[in-house]
Amino acid sequence: MKWEYGIAVMAAWNIAVFALYGIDKWKAKHQRWRVSESALLLCAFLGGSLGALVGMEVFRHKTKKWKFRILVPVFLILQAAVALWIIR
């Protein structure tokens, strides 16, 4: 039962991070107040790397920034390694 809860929480967080990348892209196009790069990266680091990576691709957002191109996939690899370690 607790695995299902953990998976549901991580799925919800990744959906929220995905939406955050979409919102920031919309704000960039409409010259509105933006979400900081550090906040976007922090959300990816705190378990939302899959949502961030998908958001980057779907919204074509932050794909030219080296920090995002390198750090978000690294976060995803680290989070997958931690998840495998926890499962075993």
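Is glutamine 31 buried or exposed, and what is its relative accessible area? Select this residue first, bearing in mind that the model on screen is a predicted one. Glutamine 31 counts as exposed because its relative accessible area is 75%, and the cut-off for that class is over 50%. Its place is in the loop between α1 and α2, the latter helix covering 37-59. While the backbone of glutamine 31 is in view, look at its phi, which is positive at about 50° although the residue is not a glycine.

Move next to arginine 60, which is found in the loop between α2 and α3. Here, too, the residue is not a glycine, and yet arginine 60 has a positive phi of about 50°.

For the next stop, select Trp3, Ile7, Val82, Leu84, Trp85, Ile86 and Ile87 together and show them as a surface, where they form a nonpolar patch whose accessible area comes to about 830 Å² together. Colouring by helix helps at this point, since α1 (2-29) and α3 (66-87) each supply at least two residues of the patch. The most comes from α3, which gives five residues.

End the tour within that selection, at leucine 84, one of the residues of the nonpolar patch, which lies in helix α3. Leucine 84 has a relative accessibility of 52% and therefore counts as exposed, the cut-off again being over 50%.

Conventions. Residues numbered from 1 in each chain as written. Predicted model: local features only at pLDDT ≥ 70, side-chain atom pairs only at ≥ 80, totals over all residues. Heavy atoms only, no water. Patch = residues over 30% accessible without salt bridge, like charges linked within 9 Å, V, L, I, M, F, W, Y side chains within 5 Å. Areas by Shrake-Rupley, 256 points an atom, 1.4 Å probe, with all protein chains shown as cover. Salt bridge = Lys/Arg side-chain N within 4 Å of Asp/Glu carboxyl O. Helix = DSSP H or I, 4+ residues; strand = E, 2+ residues; numbered from the N terminus. Buried < 20%, exposed > 50% of the residue type's maximum accessible area, 1.4 Å probe, protein only.
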